[in-house]
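Grab a pencil and take a look at the model below. Try each exercise yourself before you read its solution.

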Amino acid sequence: MIDPKLYRDDPEKVRAALKRRSTAFDLDALLRLDQEKRKIGSELETLNAERNAATEAIAKLKRSGGDASAEIEKTRSLGDRIKELQAAFNEAEEKLNALAMLCPNLPHPSVPDGKTPADNKVAKTWGKLPPESQVFPHHLEIGEKLKLFDFERGAKLSGRGFPIYTGLGARLERALINFFLDVHVQKFGFTEISPPYLVSRASMTGTGQLPKFEEDMYRCGDDDLFLVPTAEVPVTNMHRDETLDSASLPLSYCAYTACFRREAGSWGADTRGFLRLHQFDKVEMVKFTLPEVSYDALEELREQAEELLRMLELPYRVLELCAGDLGFGAAKCYDLEVWAPAEKKWLEVSSCSNFEDFQARRANIRTKAGGKTRLVHTLNGSGLATPRVLVSFLETHYTPRGTVRIPPALRPYLGGAEEIG
RNA sequence: GGAAGGGUGGCCGAGCGGUUUAAGGCGUCGGUCUCGAAAACCGAUUUACGGGAAACUGUAACGUGGGUUCAAAUCCCACCCCUUCCGCCA
């Protein structure tokens, strides 16, 4: 949710910022609803003050043993009017809130203009891409040869998009997860979290998945709980409705969870293999910072995600997302894309975003310093998602001998093996 | 899932229809005292929204939502959460 003061004080500035995004939002409707709520609110406030005064007068009379029945009679109708007005106010507030919840965050001024993914700016490329002419085996081919995963049986269990990892595939995937977590904890000082996989509607609303993206989420209807689409949701919401000690900031958490996404509407895109799944594994980094340092934290977060790819010796590039391609709640976002040499494609393996106070306002996460209470800034970034890392990893490190080379950093997680297969 | 008890300020805890934003205590901050500190004493100590240059002031908030009432932390209903006991269970 964006700060109501922003659109009250300078609606044109907000309008211009929203226009940079590719999704349309009816700001005028929001302004109307805001005015309506405030109008009813001030009326209600006046009536409440009136009633409080009348009630106090009655109390005084009664205490001194007087007869207050005339005053009580006079005040009786006031209660009904307040009740009506309160109902109108609640309705107006609900309407306003419902719309405000659908308003995306405003892009940071440093975010480049642009409408589509093609307009994203390549900020950096690391590693040497293999020559165009070199032929690489496809990860599905490697998987089949080494019996690393089983899509058909996965589909038998749950449908398309639910792969089974088998044997060395399962081991390699687990090695990646442990490697990611250990680097975050031991090298970068993150606090590891193992959160619930099912979260409440309130949690999903706090980080911005709801109400707008409900159709993308798996929901357990009997309990109104949602399967987490990313560890961002439980980890950020850990501090929902809390005031964090400013001395404790920044808080840096990392968490492994499976992630569940219905991917509604993306039928037909990347339906084969590992590129788009309903369930996948990811280690997520989440930071809570003071507002004035959140952009430094974003650079740090991106750098920490990049380090994992460098340690895995996988060529990657960093995209600075244009305003039109920004996620709903992000003020600024970097995508990390790893090179898949068989597909000759860049694959997104991480998204590092600064939400500024967008999530903190929804989730009511504040900090207090010098007697002043403010909203914190929240950030998160994948570090990293395994399926696509695995694709690049297998293709990049496949050897002519039919094995997969293991870079030194990952060897401790595979019993010291220099290669598998 | 069943039974009982309970959810009040940073924390403990009183209040159980009107003078209550809420006694008392702890903690924290400021002051007095002191060479300094402790102790003691004095004062301050929630948030959101609105008005005001400011002092200040209005409204709302005692788990959440409804209801009763001139008036609700206090009474009634529903839901959520916690504790204990029982049942079930990896």
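Three exercises follow, each with a worked solution.

A word on ground rules: this is a predicted model, in which local features need pLDDT of at least 70 and side-chain atom pairs count only at pLDDT 80 or more, while totals for chains, interfaces and linings use all residues. Residues are numbered from 1 along each chain as its sequence is written, chains are lettered from A and ligands numbered from 1 in the order in which they are written, and side-chain values use heavy atoms, with hydrogens and water left out.

**Exercise 1. Work out the strand order of the open eight-stranded sheet, and explain why E1 and E4 each have a side without a neighbour.**

Step 1. Get the terms straight: strands (E, at least two residues) and helices (H or I, at least four) are DSSP runs numbered from the N terminus, and two strands pair if DSSP finds at least two bridges between them.

Step 2. Read across the sheet: the order is E1-E11-E12-E13-E16-E10-E9-E4, and the pairing is mixed.

Step 3. Check the edges. E1 (121–126) and E4 (191–193) sit there with a single partner strand each, so one side of each lacks a neighbour in the sheet.

Step 4. Zoom in on one pair: E10 (residues 279–289) and E16 (residues 377–385) run antiparallel, joined by seven bridges. Phe-288 faces Thr-378 of E16 there.

**Exercise 2. Find which strands helix H7 touches, and its angle to E10.**

Step 1. Contact means heavy atoms within 4.5 Å; angles run from 0 to 180 degrees between N-to-C directions, using axes fitted to C-alpha atoms (for helices, over the stretch in contact).

Step 2. H7 (residues 167–187) packs on the sheet against E4, E9 (251–260), E10 and E16. Its direction makes about 5 degrees with that of E10.

**Exercise 3. Describe the protein surface near RNA strand B.**

Step 1. Count residues with a heavy atom within 4 Å of the strand: there are 21, and the closest are Ile-58, Ala-59, Thr-75, Arg-76 and Lys-83.

Step 2. Ask who supplies them. H3 gives the most, with eleven residues; H1 (4–9), H4 (69–100) and E14 (365–369) are among the elements that supply at least two each.

Step 3. Look at the RNA side: 67% of its atoms within 4 Å of the protein belong to sugar or phosphate, and the rest to bases.

Step 4. Pick out polar contacts (N or O pairs within 3.5 Å; within protein, one must be able to donate a hydrogen and the other to accept it, and residues adjacent in sequence count only if both atoms are side-chain atoms). Side-chain N or O atoms of Asn-52 come to 3.1 Å from a phosphate oxygen, and those of Glu-45 to 3.2 Å from a base nitrogen.
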